[in-house]
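Thanks for making time this morning. I would like to walk through one structure slowly, going from the whole chain down to single residues, so please keep the picture in view while I talk.

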Amino acid sequence: MEFTQEYIDGLAVDETAVMKRIAEALSVRLDQVSVVVGLFNEGGTVPFIARYRKEATGGLDEVQIRGIEHMFSSGVNMETRRIEIIRGIFEQGKLDEPLYENILKAASLSELEDIYAPYKRKKKTRGMVAQEKGLAPLADLMLELDDETIRARAAEFIREDAEAPELSVATVDDALQGAMDILAERAAQDAENRAEIKSFYRADGRIIVKGAGGEDEKKSSVYQMYWDYTESLSSIKPHRILAINRGEREGKLETIIDIDENAAVEKLQNKYVINNTYHKTAIEDGLKRLLSPAVIRELRGDASDAADEHGIGVFSANLKNLLMQQPIKGTRVLGIDPGLRTGTKCACLDETGKYLRYFVFKNDRAEEAKKIILQNIKENNIQLIAVGNGTGSKEVQEIVTQLISENNLDVMYTVVDEDGASVYSASDIAREEFPDLDLTIRGAISIGRRLQDPLAELVKIDPKSIGVGLYQHDVNQKKLSDTLDEVVSSVVNNVGVNLNTASASLLRYVSGINRQLAKKIVKYRDDKGKIASRVELLDVPGMGPKTFEQCAGFLRIPESSEALDNTWVHPENYELARFIKGTVTATGNLTADAREELKGKYAVGDTTINDIFDELKKPGLDPRSAYPKPIMQKGVVAFEDLKEGMTVTGKIKNVVDFGAFVDLGIKETALAHISELSDSFVKDPMDIIKVGDVLDFKIISLDTERRRISLSRKSGASAKQSAVQTSGGAKTRNTAAPYNGDRKKITVKKHNSRDDDGLMYNPFAEAFKKR
C-alpha cells in the first residue's frame, strides 16, 4: 500500500464507526446512539434527554445516555489521536504498511502511545537505524532462509557510506544484527502479539509488595498488611491496588511485578514459522527488551485505572444514597453543634430552613443549658432537635434527654453526622449566606438544615468532604470531581427543585443551568420577589429559549396559579396535559380512541402520554419518600453503654468493599465486616445494603482500648465470633503460582500527580479517625 499526502490529508474520524462500537458495547441500537449524540450536539443535557426525549431515544435511561456521552467523547478523542500519530509518522517518512496496520489495530490510548513513543524521541531506535541502513530486505529474507543461507546473503548488504558513515554496514554480523533489530521491533509492535502476551501476564503474573523498613517500621505502619504481600494480578482487589499505590508514593512500599518471561518467549515464538536461529533470537529480544516492559507498564496502569473506576463508583453510589435521604418537611428545627472550650452553638430554623436566631451554652452547666434551650424551644416553636455527633455530643444528648423528660415536651431529637459541616461553615458559600455570623454558628445552621433537607444542604459542600468515599484521595481527582458532579446533578434533577427557595448552590445542578445563571436567578428573585410562573424564567437575564427548554421541567413553583408549574410536566406539553386532565376527570381513564386522538393532534407517543397521565395522578411525588427516615433517639447512648451481644439500631454511613460503617448515634463509628452482613455469601456489600439504610445489628465485639465496635447481621451471631480484622479488610494473599528461578521480577513504580493529602484511609488500623 502506498501512502500519499492526499491519502493522509483525507483521514478523518469516522463517527459512525465510533457509534457502532458504542451500540455493541451497550447492547442498544445504532439509531438510538445516533439520536442521543444528535441531541447532545443540539445542547441537550443528560437529565433532559432521559426524562423528556424518551420517544426519540427509544426509552434509553439516564445511565445508558450518560454512557453514550462518555464513550462517544473518549472514542472520538482516541480516533483523533490515532490520525495524529499516523500523520506524525508519515511526516517523518517512516510509515509502512505493517506499522499502519498495527496503529489501526491498537485498542487503547496507551497502546497507541507505545507505538508512537519511538518516533517522538530524538534518539532513533535500533530498528530505525537498521531501516535507514537499508537492511529491511535482509529482515524479510530472514523470515524464510536457513542459518547458512541467510548468513551468506547478509554479505550482500555490507557497504560503506562516505557521506554518512553512520549508515555504513561493516560486517556480516552487523548486517544480521540490524535485520534482527528490525524483526524484534516488528514482533513487539504487532497488536496481536501484544494482546496475547498481555493476557498471559495478567493470568499468570503476580504482584509482590515489600515494606521499606524493618520490624519496627512494620509495627507502626498503616501498611502493615502489605509488608510482605503477594497476590495474583488477576485477582487483586481494587482497594488493595489503591492502597499499594499510595504506599509506593509515600516511599513506604516497594512493588514488583513477577512474570514468567521465558514462557512468554516460548509462547510468542510458537506463533511464527522460524527457519533460523537469528529469527528466533530476534523474537526473544523483541519480547524481553521491548514488549515485556511496555505490557507490564500497561497492566499496572490498567489495574490502577480499574481501581480508580471502582473507587469512584463506590463513592458515587454512596453519595447518591446519602443525597436521597428523606427530608423532614414542614418542621421547625434546633440545630446544635456540640463544643467544649467555646461552648455549644445552637441555631433556630423555621419550617423552610430560614435562620431565626442563635444561642450558646456550656455543657458543664446543665441546668443553665436546659433553661436556655427550653426558652428557645417555646419562643421559636421548635419541634425537632438535631444534635451533631462531634466532640461533646454525649453531654449535649444528656442535657436534651433530661430536658424533654422533665418538661414532658412534644419534641424529639436525633443525632446528625457532622461530616463536612466545618468545611461548609468556613466556605465562601457560607460567608455569602451569613456574612455577619461566626463560622461556628454557620455549622449549627448546617447541622439543622441537613436534617430538614439533606440534598439542599449537602450540595453546598465538596462531596469529597462528606465522608462516604473509598480512598478518595488516591484516585484521579479530576475524574472523581466530574463524576461526583454528575451524581449530584442526577439526584437534583430526579428530585426537582423549588425555584423560589433553592440556593444558587442547588440551582447550578439543575439541567441547563450553570453557576452564573444560578446566581442571576437568585438575584432576580431577591430584586423582584418570588417568581410567579415557569414562563417568568424567560425574564431572567441570560435565560434563553434553549436553556429554558432544558431546565423548566425540573423547577417547581408551588405558588404558581398554573398547577402544572408544580409538576414534572414540561411547559411544551401543557396543552396536552390539560386535555388529559380534563378527559381523566370526566371519564376516570383514557380510552384507546382518546389516546389515538392525542397522538395525532400533539405528535406524541404512548410514552409521553403515560408519563403525563402518571404525573397527574400523583403530582409532585418526591422520590426520596421511599428512603428511610432519620432515627429518632429515645435516650443517651455512649460507647460505655454498649455490651457484647446487645442488639442496636444503626444507620449505614458508608459502604465499602469490605463491609459497611454504621452510625449508632455516638461519636464512634461501628463496622460490619462483609462476612457479617448476611447468613449467605455476599460478593459486594452494595448488593444488600446502601448508605442511609436503617438496620438492626448485634454487637459481636468491643475493643475498649481502641474504642472499636464490630457488628453482625447474621441470625446466629454471638459475641467475639467475628472474623479476624486486618488492615484493608483482607488477609495477606498468596494466590499466585510459587516463584521459581525461571520467572522474572520487574519493578514498575506507579507515579502520578494525584493529591497526597492525608494518610491512607485504613478502615481497621485508622478506622475511626476523621479525615
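Let me begin with helix α7 and with what packs around it. The buried residues of this helix are covered by a set of elements that includes α1 (5–9), α6 (62–91), α8 (109–120), α12 (172–189) and α13 (191–204). I should say at once that what we are looking at is a predicted model, and I would ask you to keep that in mind throughout.

Helix α7 itself runs over residues 97–105, and its buried residues are L99, Y100, N102 and I103. These four cover an arc of only 165 degrees around the axis, and therefore they lie on the same side of α7. For those of you who are new to this, the background is that an α-helix has 3.6 residues a turn, so residues three or four places apart point the same way. At the N-terminal end, α7 is capped by D96, which has a side-chain oxygen 2.9 Å from the backbone nitrogen of L99.

A similar arrangement can be seen in helix α16, residues 261–269, where the buried residues are E261, A264, V265, L268 and Q269. Here the arc around the axis is only 130 degrees, which means that they sit on the same side of α16.

Let me step back to the whole chain for a moment. It has 30 helices and 16 strands, and its C-alpha atoms fill a box of roughly 105 × 75 × 50 Å along the principal axes. Of the 771 residues, 52% are buried. If we take the contacts with a separation of 6 or more, 68% of them are between residues 24 or more positions apart.

Where do the nonpolar residues gather? The largest nonpolar core has 107 residues, and those with the most contacts inside it are Y201, I521, L537, I709 and L711. Helix α17 gives the largest share of this core, namely twelve residues. There is also a second, separate core of 22 residues, which includes I336, I377, I385 and Y413. As a general point, in soluble globular proteins nonpolar side chains tend to be buried together.

Now to the aromatic rings, of which the structure holds ten pairs. One of them is formed by F3 and Y100, whose ring centres are 4.9 Å apart and whose planes are at 55 degrees, so this pair is tilted. It links distant parts of the chain, since F3 is in the segment before α1 and Y100 is in helix α7, 97 residues apart. Both F3 and Y100 are buried. For F658 and F661, by contrast, the centres are 6.3 Å apart and the planes are at 90 degrees, so that pair is edge-to-face. With a relative accessible area of 3%, F658 is buried, and F661, at 2%, counts as buried too.

Which residues join into an aromatic cluster? F48, Y52, F554 and W568 form one. The ring of W568 also has arginines over it: the charged end of R51 sits 3.6 Å from the ring centre, and R556 lies over the face of W568 at 4.3 Å from that centre.

Another arginine worth pausing on is R332, in the loop between α17 (277–323) and β4 (333–337). Its side chain is joined to that of E351 by a polar contact of 3.3 Å. Leaving aside neighbours within four places in sequence, the contacts of R332 include L349, D350, N380 and N381.

N381 has a feature of its own, a positive phi of about 55 degrees although it is not a glycine, and it is found in the loop between α18 (366–379) and β7 (384–388). R707, too, has a positive phi of about 55 degrees without being a glycine; this residue lies in the loop between β14 (694–703) and β15 (708–712). At 30% relative accessibility, R707 counts as partly exposed.

My last residue is G448, in helix α22, residues 439–452. Is G448 buried or exposed? Its relative accessible area is 0%, so G448 is buried. Not counting residues up to four places away in sequence, G448 touches V333, G335, L349 and A386. That is where I will stop, and I am happy to go back to any part of the picture.

How values were computed: Residues are numbered from 1 along each chain as its sequence is written. This is a predicted model: local features need pLDDT of at least 70, side-chain atom pairs count only at pLDDT 80 or more; totals for chains, interfaces and linings use all residues. Side-chain values use heavy atoms; hydrogens and water are left out. Buried means under 20% relative accessible area, exposed over 50%, partly exposed in between (1.4 Å probe, protein chains only). Helices (H or I, at least four residues) and strands (E, at least two) are DSSP runs, numbered from the N terminus. The arc is that of the directions from the helix axis to the C-beta atoms. Contact means heavy atoms within 4.5 Å. A polar contact is a pair of N or O atoms within 3.5 Å; within protein, one must be able to donate a hydrogen and the other to accept it, and residues adjacent in sequence count only if both atoms are side-chain atoms. Rings of Phe, Tyr and Trp (its six-membered ring) pair if their centres lie within 6.5 Å; planes under 30 degrees apart count as stacked, over 60 as edge-to-face and the rest as tilted. A charge sits over a ring if NZ of Lys or CZ of Arg is within 6 Å of the ring centre and within 35 degrees of the ring normal. A nonpolar core is a set of buried Ala, Val, Leu, Ile, Met, Phe, Trp, Tyr and Cys residues joined through side-chain atoms within 4.5 Å.
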